[in-house]
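These are my notebook entries on a structure I wanted to read region by region. I set down what I looked up in the order in which I looked.

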Amino acid sequence: MHHHIEKLYQSAAKPQRKIIGLMSGTSLDGLDIALCSISGDGLDTQVTLERFTTVSYQNDYRQRVRSVFSKRDVDLQTVTLLNPWIGIEHGRMINQCLADWQIPAAQIDVIASHGQTVFHCPLRQHNDQRWGNATLQLGDGDHLAVTTGITTISDFRQKHIAAGGEGAPLAVYGDYLLFSSASENRIMLNIGGIANLTWLPKSRDANSVFSTDIGPGNTMMDAYIQQLMPGQLFDEGAKLALQGQVSAKLLAALKQDPFFALGFPKTTGPEVFNLNYLARAQQISGTSALAPADVMATLNQFSAQMIIGAIQQSCAAENCVIYASGGGIHNPMLMSQLQQALPQYRITTTAELAINPDAKEAVLFAILANECLVGGKQRFSNAREGIPGVTMGKISFAD
Ligand SMILES: Nc1ncnc2c1ncn2[C@@H]1O[C@H](COP(=O)(O)OP(=O)(O)OP(=O)(O)O)[C@@H](O)[C@H]1O
Ligand SMILES: CC(=O)N[C@H]1[C@@H]2OC[C@@H](O2)[C@@H](O)[C@@H]1O[C@H](C)C(=O)O
């Protein structure tokens, strides 16, 4: 047996594995690194988040990725160069973290790497019947494995598409395994660049569970502030939005996209919800001269209203608790709108479930890697469109 296969076999047989989950999302703020101890599999999965950090990206890193990020026309040489480079950069960030944490690489069973989405392109979005669903994550797993010396499982989304999904949201798998509860209806709400939710009824019936993208979380607010105030990444504390008045006309135009009328599950990204989308909505609504604070207040309310609508549509049940995560939970204006509009739900964060809300997505990829190694018993039956019961991830060895 090859020694790497033997080592994987030993990892799979251990009562507890150490898995580093990585997430680099649409906000391009940094690499989330979550060191997890995971035991069991399927609905018996138990995770302890041992360490977590976000390694902020340098401006040079951001600029290189932004030169192709969610753009249809790009320099193919840059895309090609980015793929290994991101893998190596992420590997170096892990090496630095492990050194800071004084944890030898040999103690880590595997790395679970999401990579960097640069373009997400479901059929429902490109609408060209000659093609299917597609999504592209850069940050090659072989380079990560060689840079760290740690076996790496990566590129989780392709299998999901190969089996009939849109490649996202993958949150449904980990959310179901880790957070579904027999005593409580739950909604796991992640407010990242794009907001998404997972519905977890207390029946724990896999056929009723689903995840869906909702629309923009922070991505349009971030893009607007970055253009308005170069060097600033987001509207910290919703400072600007809180000074503005919501424009009812602009808000109505923003809510017009056909994406919002589609049923769940569905996916989207900054390929749709971007500054061009805002400019079109301003043009249609005759609000192109709106003051920046008013635009920001309107974008904030746009995200909030779409999230509120999706929650109401997902769960009419009594006694539903919303467990929020993602950077949007730090936006006080957004969160207070949710609180006000959803008094019948208790809104809290995943911290109550022992998972740091900023770490949740990285933890979910660690769970997918754990399922790749030891899972197989708990499968979605694929009764619901878009949630195939497959094992995801590609395995890269370090030498
Ligand atoms: N103090 C704050 N005030 C306002 N907004 C904040 C604050 N802290 C974080 N955010 C928002 O959260 C964003 C980062 O969120 P997060 O890291 O969850 O995104 P992501 O993982 O890149 O997104 P996705 O899940 O869509 O891939 C920031 O860009 C910002 O919009
Ligand atoms: C293609 C892609 O990278 N999608 C991300 C993005 O960020 C949030 C939302 O859009 C979600 O669909 C997904 O990430 C999470 C982790 C998911 O797959 O569940």
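Is Ala354 buried or exposed, going by its C-beta neighbours inside 10 Å? I should say at once that I am working from a predicted model. Ala354 has 10 C-beta neighbours inside 10 Å, and because the cut-off for exposed is 12 or fewer, I enter Ala354 as exposed.

**Entry: backbone oddities.** I stayed with Ala354, which sits in the loop between β11 and α14, and found its phi near 70°, a positive value in a residue other than glycine. I then looked up Arg204, in the loop between β8 and β9, where phi is near 60° and again positive in a residue other than glycine. Arg204 has 13 other C-beta atoms within 10 Å, so I note this residue as partly exposed. I flagged such places because most residues other than glycine have a negative phi, and most peptide bonds are trans. For the second part of that rule, I recorded a cis peptide bond joining Ala168 and Pro169, with omega about -20°, and Pro169 lies in the loop between α6 (157–162) and α7. A cis peptide bond also joins Phe264 and Pro265, with omega about -5°, and I placed Pro265 in the loop between α10 (248–254) and α11 (275–285).

**Entry: the sheet.** I traced an open sheet of five strands in the order β9-β8-β7-β10-β11, with mixed pairing. Because β9 (210–216) and β11 (346–349) each have a single partner strand, they stand at the edges, and one side of each is left without a neighbour in the sheet. Neighbouring strands of this sheet are turned by 25° against each other on average, with direction ignored.

**Entry: strand β8.** I next followed β8 (residues 194–200), which runs antiparallel to β9 and is joined to it by six bridges; on this side Ile194 stands opposite Pro216, and Asn196 has Asp213 as its bridge partner. Towards β7 the pairing is also antiparallel over six bridges, with Leu189 and Leu197 as bridge partners, and the two strands form a hairpin with two residues between them. In a regular strand the side chains alternate between the two faces of the sheet. I therefore checked the faces of β8 separately, and found Ile194, Asn196, Thr198 and Leu200 buried on one side and Ala195, Leu197 and Trp199 buried on the other, so that both faces are covered.

**Entry: helix α7.** What covers this helix? I found eight of the nine residues of α7 (residues 171–179) buried, among them Tyr173, Asp175 and Tyr176. The cover over its buried residues includes β3 (46–56), β7 (185–191), β8, β9 and α14 (360–374).

**Entry: the annotated site.** The UniProt annotation "binding site", from an unreviewed entry, covers Gly25, Thr26, Ser27, Leu28, Asp29, Gly30, Leu31 and Asp32. I looked up two of these residues, beginning with Gly25, in the loop between β1 (17–24) and β2 (30–39). Gly25 is buried because 23 other C-beta atoms lie within 10 Å, and, neighbours within four places in sequence aside, Gly25 is in contact with Gly192, Gly193 and Glu361. Ser27 lies in the loop between β1 and β2, and since the cut-off for buried is 20 or more, its 20 C-beta neighbours inside 10 Å make Ser27 count as buried. With neighbours within four places in sequence left aside, the contacts of Ser27 are Gly192, Gly193, Asn218, Asp222 and Gly327.

Technical notes. Residues are numbered from 1 along each chain as its sequence is written. Chains are lettered from A and ligands numbered from 1 in the order in which they are written. This is a predicted model: local features need pLDDT of at least 70, side-chain atom pairs count only at pLDDT 80 or more; totals for chains, interfaces and linings use all residues. UniProt positions are given in the numbering used here, feature names are shortened, and annotations may be inferred rather than shown by experiment. Helices (H or I, at least four residues) and strands (E, at least two) are DSSP runs, numbered from the N terminus. Two residues are in contact if their C-beta atoms, placed from the backbone, lie within 7 Å. Two strands pair if DSSP finds at least two bridges between them. Axes are lines fitted to C-alpha atoms, for helices over the stretch in contact, and angles run from 0 to 180 degrees between N-to-C directions.
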